[in-house]
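Here is a colleague's note to read beside the sequence and the coordinates. The points are numbered so that each can be checked in turn.

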Amino acid sequence: MEYVILAVVIAVIAVGAVAGLVVSGRRRKELPPKAPTAPLPGKPKAVEPERPGPAEPQVGDEAAPPREAPVTTVEEVELPAAVEPVEVEPEEAVEAPAIEVPEPTAGRLVRLRSRLSRSQNSLGKGLLALLSRDRLDEDTWEEIEDTLLTADVGVAPTQELVERLRTRVKVLGTRTPAELRALLHEELVALIGTEADRSLKTAKHEDGRPAVVLVVGVNGVGKTTTSGKLGRVLVADGRSVVLGAADTFRAAAADQLQTWGERVGARTVRGPEGGDPASVAFDAVKEGIAEGADTVLIDTAGRLHTKTGLMDELGKVKRVVEKHGAVDEVLLVLDATTGQNGLVQARVFAEVVDITGIVLTKLDGTAKGGIVVAVQRELGVPVKLIGLGEGADDLAPFEPGAFVDALIGD
């Protein structure tokens, strides 16, 4: 009987256990999946931790069959398509600037007379108008003097010219316009002077040494531009030229001179910016001798950035150049518009270097053509060149007769 009861109890317990397992399985299946939680605004989404992979096999576990890794064969590898070589076009060679053929200097002032007369003939026309009056009293002669002084002829030359005109007008008696023009032409040419030697000494010496020309003057008078234009004048006359850029203290002065030289095929010798001007001048003459050039043209400094005086530096340049031989020309460049200030500059330069000629620039922009007379009287040296404009060929040899024709007009 006891065994029967025990068996019944065991059976009940077994049935209850089986029923509990079934219920728990159903509950698990009925639970809904967990909805993903949305991140709060402004808060970064939480990164879920990586789930651990399969555990490493431990001692006693059955070994899993090894998996063969896929092997890629050579046939399955796709090679990149062949890239065709890109043809690189060769860089175009930079063409050298074409060498210009300057205008011949013979008669250049005559060809430019019309341009000069447009700005200068106020002097000549004013004098002709005064001399053509029926009655030449003292007031008229004073007006003539004022006209000449305004044109920067100078006090002494003005008095001399007025006295000669008064004498000749009295002798003439009646005065026709043609006679007055001829009279004024003769007197102005005589005042300027025709006996002075206005030629430039630019020919090579008999021993083969080139002629040396120094160009001096203060900055602002067109000195470097004049040097470049003078190089064109010499090339036009058949000279071979070497340019020396000894103005090492003004920015771009050497570049400017080199550009002028390249346009006519003249070589430019230059040094470092702020270097010794005398050294550059010495090297320029040395190169001129080596190349067998006819003329060495040296553009000097117009101002310095050191404590050394400009005049001392110019004297040094001249002394250093003379180690190769004597300097043939020292040309002083003056701005025709400065009037009496130009004469002051001329005096200072004349005390340091032996000036052999004057170059008057910007003469086409002023009616003060009388500066030609004044500067010659002041220095005792002739005006050899005049600048008549901004063009490359507007530097002309000075011819007194053509210049006076431009002053008086037709």
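Leaving aside its neighbours within four places in sequence, with which residues is Ile386 in contact?

1. Please keep in mind throughout that this is a predicted model. Once the neighbours within four places in sequence are set aside, Ile386 is in contact with Leu109, Leu360, Leu363, Asp394, Leu395, Ala396, Phe398 and Phe403.

2. One of these contacts can be followed into the strand pairing, for Leu360 stands opposite Ile386 of β7. Strand β6, which covers residues 357-361, pairs with β7 in the parallel sense over 3 bridges.

3. On the pairing with strand β8 (residues 395-397), β7 runs in the antiparallel sense, again over 3 bridges. Here Leu385 has Pro397 of β8 as its bridge partner.

4. Is strand β7 largely enclosed or open? Of the 5 residues of β7 (residues 383-387), 5 are buried, and therefore the strand is largely enclosed by the rest of the structure.

5. These pairings belong to an open sheet of 8 strands with mixed pairing, in which the order is β3-β2-β4-β1-β5-β6-β7-β8. Its edge strands are β3 (267-270) and β8, each of which pairs on one side only, and the twist from one strand to the next averages 25 degrees. Helix α8, spanning residues 253-264, packs on the sheet and touches β2 (241-245), β3 and β4 (295-299), while the direction of the helix makes about 165 degrees with that of β3.

6. Turning to the interior, the largest nonpolar core contains 71 residues, of which Ile298, Ile358, Ile386 and Phe403 touch the most other members. Helix α6 (residues 177-192) contributes the largest share of this core, with 7 residues. There is also a second, separate core of 19 residues, and among its members are Leu234, Ala245, Val264 and Leu385. The neighbouring positions 385 and 386 are therefore worth reading separately, since Leu385 is listed in the second core, whereas Ile386 is listed in the largest one.7. The last point concerns a pair of helices, α10 (residues 310-321) and α11 (residues 340-352), whose axes come within 9 Å and cross at roughly 45 degrees. That angle makes α10 oblique to α11, and the crossing of the two helices is right-handed. On the α10 side the contact is made by Leu310, Met311, Leu314 and Gly315, and on the α11 side by Val348, Phe349 and Val352.

Notes. Residues are numbered from 1 along each chain as its sequence is written. This is a predicted model: local features need pLDDT of at least 70, side-chain atom pairs count only at pLDDT 80 or more; totals for chains, interfaces and linings use all residues. Side-chain values use heavy atoms; hydrogens and water are left out. A nonpolar core is a set of buried Ala, Val, Leu, Ile, Met, Phe, Trp, Tyr and Cys residues joined through side-chain atoms within 4.5 Å. Buried means under 20% relative accessible area, exposed over 50%, partly exposed in between (1.4 Å probe, protein chains only). Helices (H or I, at least four residues) and strands (E, at least two) are DSSP runs, numbered from the N terminus. Contact means heavy atoms within 4.5 Å. Two strands pair if DSSP finds at least two bridges between them. Axes are lines fitted to C-alpha atoms, for helices over the stretch in contact, and angles run from 0 to 180 degrees between N-to-C directions. Angles under 35 degrees count as roughly parallel, over 145 as roughly antiparallel, 65 to 115 as roughly perpendicular and the rest as oblique. A crossing is left-handed if the near helix is turned anticlockwise from the far one by less than a right angle, and right-handed if clockwise.
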